[in-house]
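Please walk through this model with the coordinates open beside the text. The paragraphs below move from charged pairs to strands, then to the cores, and end with backbone angles.

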Amino acid sequence: MRTRWKVVIAVAALAVVGAIAALVLRGMRGDGDALALVRRAADALEQVAARGTVVTSARTPRGLVETQAEVHRGDGRVVMRYLSGPARGVEVLRDGDVVWARGSHGQVRRRAELGSMGWREELLERNWDFRIAGERVVAGREAVLVRGTGPGGELTLALDEETSFPLTIKRADRDGRTISATSWQRVDFSVEPPPRVEPPAAPPEGREHRRRQVTLEELRAAVDFVVLAPTWLPAGFEQQAWYVHEGRRESMAEARYSDGLRPLVILQRSAARRHQHPGLRRQMREHQGPPPGGMRGHFRGAGGDAIRRQHGETMVIVIGPVPVDDLERVADGMKAPR
């Protein structure tokens, strides 16, 4: 059970990282020059070989936490080793859709598959607007600033003039507060892509786990609880797909939603199995007294805040980089779809 929750939460976290890293820079409205830049940037981020040092700041319950890492990426592969911060000594690797982490002694600590992010150009065009905002020097290189605004706030990019590679990616909420900011301190574009490394075949504990996209009817047949759906979503969000996570002891449901940039993930499992990942249990802040809607909780999960609710036989966790009030409204309004 613990392994399955680790994998599911890791997938949710990586979905958010993927949303930022891939920039979803396709089909957005804006001036013609900005469109050309961001389309090239989307391809450059995946294909251009780069190696150097990156500094990242991310908002946490303790405030902004800064980390430094050595990064080597290109041709759909990434090798990142943390030099400072809570993950110091940990190495994160990506090969295509597979991402895994290795501890300081080389042991595999986590593995997840990104799968398809399901970017939908109509949502990008409807919700986000990008404009060229000037120039900047990043890591000693000339870069063009591009700013995007949408329902989630603002995204600022500094794109290398020669390669179109994003040297800075900064996200801010609607109040202008930094959510995350990543910037290259030192970069070398003359390198080859990182060599291929065989991904681990399974989580280190060896428990079987499989995630696959399904229809709602197939999902209902695959789980032993009532599958629920939200009756309300934040502005701009639409559903992308249903998934089932199949393990040896139980199966869980996942629904993904997007406004074109931000992901919203809803996980569901049987409330009869109340075992929790110990890391989540330590962070869970239960409400006082028995609430009328069943078990409740608010914790810091992958991708920002998360809200837990129990509706009858179904336990629901809503995860996303949106205001807590919105997460609570989604979680409180879950009902069985017709």
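**Salt bridges, strands and cores**

A salt bridge joins the side chains of D129 and R131, with an N to O distance of 2.7 Å. This distance, like every other value here, comes from a predicted model. R131 counts as partly exposed because its relative accessible area is 38%, a value that lies between the limits of 20% for buried and 50% for exposed.

A second salt bridge brings together the side chains of E162 and R141, at 2.9 Å from N to O. This pair links distant parts of the chain, since E162 belongs to the loop between β10 and β11 while R141 belongs to strand β9, and the two are 21 residues apart. E162 has a relative accessible area of 65% and is therefore exposed, whereas R141, with 22%, is partly exposed.

In the salt bridge between D332 and R309, the closest N and O atoms are 2.7 Å apart. Because D332 lies in helix α6 and R309 in strand β19 (residues 304-311), the pair ties together parts that are 23 residues apart in sequence. D332 is partly exposed, at 39% relative accessibility, while R309, at 3%, is buried. Salt bridges with shared partners also join R141, D160 and E162 into one network. Over the whole structure, the search finds 14 salt bridges.

The next region to follow is strand β5. This strand, residues 91-95, is mostly covered, with four of its five residues buried. Strand β4 (residues 77-82) pairs with β5 in the antiparallel sense over five bridges, and within this pairing E91 of β5 is the bridge partner of R81. Strand β6 (residues 98-102) also pairs with β5 in the antiparallel sense, over five bridges, and here R102 of β6 is the bridge partner of E91. E91 thus has a bridge partner in R81 and another in R102. Two residues separate β5 from β6 in the hairpin that they form, and G96 in its turn has a positive phi of about 65°.

From the strands the view can turn to the nonpolar interior. Which residues have the most contacts inside the largest nonpolar core? They are L219, V227, W242, L264, I266 and V318, in a core of 24 residues. At least two residues of this core come from each of α4 (216-222), β15 (238-247), β16 (251-258), β17 (263-270), β20 (314-319) and α6 (324-332). Leaving aside residues up to four places away in sequence, L264 touches L233, P234, F237, A255, R256, Y257, V318, I319, G320, V322 and L327. Another core, of 18 residues, lies apart from the one just described and includes A50, A101, L145 and V187.

The backbone remains to be considered. Most residues other than glycine have a negative phi. A139, which is not a glycine, nevertheless has a positive phi of about 55°, and its place is in the loop between β8 (129-138) and β9 (141-150). With 26% relative accessibility, A139 counts as partly exposed. S164, likewise a residue other than glycine, has a positive phi near 70° and is found in the loop between β10 (153-160) and β11 (166-172). Is S164 buried or exposed? At 6% relative accessibility, S164 counts as buried, because buried means under 20% relative accessible area.

How values were computed. Residues are numbered from 1 along each chain as its sequence is written. This is a predicted model: local features need pLDDT of at least 70, side-chain atom pairs count only at pLDDT 80 or more; totals for chains, interfaces and linings use all residues. Side-chain values use heavy atoms; hydrogens and water are left out. Buried means under 20% relative accessible area, exposed over 50%, partly exposed in between (1.4 Å probe, protein chains only). A nonpolar core is a set of buried Ala, Val, Leu, Ile, Met, Phe, Trp, Tyr and Cys residues joined through side-chain atoms within 4.5 Å. Contact means heavy atoms within 4.5 Å. Two strands pair if DSSP finds at least two bridges between them. A salt bridge is a side-chain nitrogen of Lys or Arg within 4 Å of a carboxyl oxygen of Asp or Glu.
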